Amino acid sequence: MNVVKSIASLGLVAFLAACGSADRYAVDMPPITEQVSIRFNSVEVRDVSLPSYAAADEIHVRKSNGTLVSSSDELWADSPERAVALELSENLSRLTNRRIASEPWPFEAYPDARLELRFSELLAAETGQFRASGQYFVAVSTGGSERSGLFDLTVAFDPKGGPAAIAAARGQLILDLASYIAKNGLK
């Protein structure tokens with residue numbers, strides 16, 4: 001009986017150790033300082049495709065030798081693909097004062113346009129630069145004025161601030177990206 005209790009106790013200890021506690025970092029929305037006029041009344045942020053490292057829960061950083069490092073103790077607070085799509089749609093909505101939502105589209109009437117993003121990079125570097133690059137696509141329900149474009153944006157952060165500074169930089173970077181797309185892809 002003591003052997004069974006010991007095995008059960010060891011199993012519980014192992015389970016609790018495996019659960020561990022990791023710090024999770026949320027991305028706050030930076031304040032909006034501009035308004036942007038766009039040609040569409042409604043836009044669906046349909047798909048956000050991230051590289052595998054950026055879609056992972058762990059916060060990755062590029063070292064000076066090019067290596068990507070992460071820690072299972074420092075995680076994003078939300079699934080990155082879902083979070084970036086929500087951040088982008090909320091920022092576009094705040095910038096434009098238009099009806100913008102990420103998929104699935106929550107309204108009865110279809111959106112005037114759909115926006116898709118394919119990131120080739122979304123990564124903080126130990127040098128204090130957070131970079132986003134890739135391509136966006138705007139599909140228009142009437143078929144006219146469809147377009148695509150490339151983006152390559154960076155935001156500086158203090159590397160001494162750790163994951164909290166990286167999260168703040170990502171928030172600013174996604175706002176900058178929303179502004180860029182509004183001015184260049186949704187006009």
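I count two strands as paired if DSSP finds at least two bridges between them. Strands (E, at least two residues) and helices (H or I, at least four) are DSSP runs, numbered from the N terminus. The model is predicted: local features need pLDDT of at least 70, side-chain atom pairs count only at pLDDT 80 or more, and totals for chains, interfaces and linings use all residues. Residues are numbered from 1 along each chain as its sequence is written, and side-chain values use heavy atoms, without hydrogens and water.

**Strand β7**

I started with β7, residues 113-125. Of its 13 residues, 10 are buried (under 20% relative accessible area, 1.4 Å probe, protein chains only).

I then looked up its partners. β2 (residues 42-49) runs parallel to β7 over 6 bridges. There I found E44 opposite R114. β3 (residues 61-62) is also parallel to β7, with 2 bridges. V61 has A124 as its bridge partner.

β8 (residues 129-140) is antiparallel to β7, and 11 bridges join them. A113 is bridged to V140. The β7-β8 hairpin has 3 residues between the strands, and G128 has a positive phi near 95 degrees.

**Largest pocket**

Next I checked pockets: open sets of points on a 1 Å grid over the protein atoms alone, with protein on both sides within 12 Å along at least five of seven lines. The largest has a volume (space filled by probe spheres set on the points) of about 180 Å³. Its lining (residues with an atom within 4 Å of a point) has 14 residues, and V61, E74, P159, G162 and I166 are the closest to the centre. Helix α4 (residues 162-184) gives the largest share of the lining, 3 residues.

Terms used: Buried means under 20% relative accessible area, exposed over 50%, partly exposed in between (1.4 Å probe, protein chains only). On a 1 Å grid over the protein atoms alone, a cavity is a set of points where a 1.4 Å probe fits but cannot get out, and a pocket is an open set with protein on both sides within 12 Å along at least five of seven lines; lining residues have an atom within 4 Å of a point.
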